[in-house]
Amino acid sequence: GQGGIFLGDNVLIAAQTVVVCGNHDFSKADLETLDQPYYGRPIRIGSDVWIGTHVVILGGVTIGDHAVVAAGAVVKGDVEPYTVVGGVPARVLRKIRI
């Protein structure tokens, strides 16, 4: 991915997950959609992370160590370590006890 994808150790990523570092700018009304600038932002996924099926992770996101992302979630913001997130957009469902 443009922007970079960084994975920690022991990351489980289920089928049909999409990890997208880049996006198109669409703010310039004088340019056609395909002529808009494209930019990439890195995605960082920590160690011992479990990502469920059909998850979408957008550019610029960091998912902390030992986190869980529930199936079908759209992750557009950072996920703290030891946290379970889910939903569209993803939100905290609970903390994992240490």
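The following paragraphs describe the fold, sheets, loops and selected residues of a predicted model of a protein chain.

The protein chain comprises 98 residues, of which 28% are buried. Its secondary structure consists of 13 strands and zero helices, so that the pattern read along the sequence is β-β-β-β-β-β-β-β-β-β-β-β-β. Along the principal axes, the C-alpha trace extends over about 50 × 25 × 25 Å. The accessible surface of the chain amounts to about 6200 Å², and carbon and sulfur atoms contribute 55% of this area. Among contacts with a separation of 6 or more, 27% link residues that lie 24 or more positions apart. The chain carries 8 positive and 9 negative charges, and the mean positions of the two sets are separated by 12 Å.

Two open sheets are described here. In general, the strands of a sheet pair through backbone hydrogen bonds, in either a parallel or an antiparallel sense. One sheet contains five strands in the order β2-β7-β10-β12-β13, and its pairing is mixed. Strands β2 (12-13) and β13 (91-95) occupy the edges of this sheet; each has a single partner strand, and one side of each is therefore left without a neighbour in the sheet. Within the same order, β10 stands between β7 and β12. The pairing of β10 (residues 68-69) with β12 (residues 83-86) is parallel and rests on two bridges. In this pairing, V68 is placed opposite V84 of β12.

The other sheet is formed by three strands in the order β3-β8-β11, with parallel pairing. Its edge strands are β3 (18-20) and β11, each of which pairs on one side only. Strands β8 and β11 are joined in the parallel sense over two bridges, and V56 faces V74 of β11 as its opposite residue.

The structure holds one salt bridge. This salt bridge is formed between K28 and D25, with the closest N and O atoms 3.6 Å apart. K28 has a relative accessibility of 35% and therefore counts as partly exposed. Both residues of the pair also appear among the contacts of Q36. Q36 is located in the loop between β4 (22-24) and β5 (38-40). Its relative accessible area is 7%, and Q36 is therefore classed as buried, the cut-off for this class being under 20%. With neighbours within four places in sequence set aside, Q36 is in contact with H24, D25, F26, S27, K28 and L31. The buried Q36 is thus in contact with the partly exposed K28.

A further loop residue, S47, is situated between β6 (43-45) and β7 (50-51). The relative accessibility of S47 is 25%, so this residue counts as partly exposed. When neighbours within four places in sequence are left aside, the contacts of S47 are with G8, D9, D65 and H66. S47 and A67 are separated by 20 residues in sequence, and their C-alpha atoms lie 8.6 Å apart in space.

Three sites concern the backbone geometry of loops. As a general rule, most residues other than glycine have a negative phi, and most peptide bonds are trans. H54, which is not a glycine, has a positive phi of about 60°. H54 belongs to the loop between β7 and β8 (56-58) and, at 49% relative accessibility, counts as partly exposed. A positive phi, of about 55°, is also found at Y82, again not a glycine. Y82 lies in the loop that connects β11 (74-75) and β12, and its relative accessible area of 27% places it in the partly exposed class. The remaining site is the peptide bond between V88 and P89, which is cis, with omega at about -10°. P89 is located in the loop between β12 and β13.

Note on methods: Residues numbered from 1 in each chain as written. Predicted model: local features only at pLDDT ≥ 70, side-chain atom pairs only at ≥ 80, totals over all residues. Heavy atoms only, no water. Salt bridge = Lys/Arg side-chain N within 4 Å of Asp/Glu carboxyl O. Buried < 20%, exposed > 50% of the residue type's maximum accessible area, 1.4 Å probe, protein only. Helix = DSSP H or I, 4+ residues; strand = E, 2+ residues; numbered from the N terminus. Contact = heavy atoms within 4.5 Å. Areas by Shrake-Rupley, 256 points an atom, 1.4 Å probe, with all protein chains shown as cover. Lys, Arg positive; Asp, Glu negative; His and termini not counted. Charge placed at Lys NZ, Arg CZ, Asp CG, Glu CD. Pairing = 2+ DSSP bridges.
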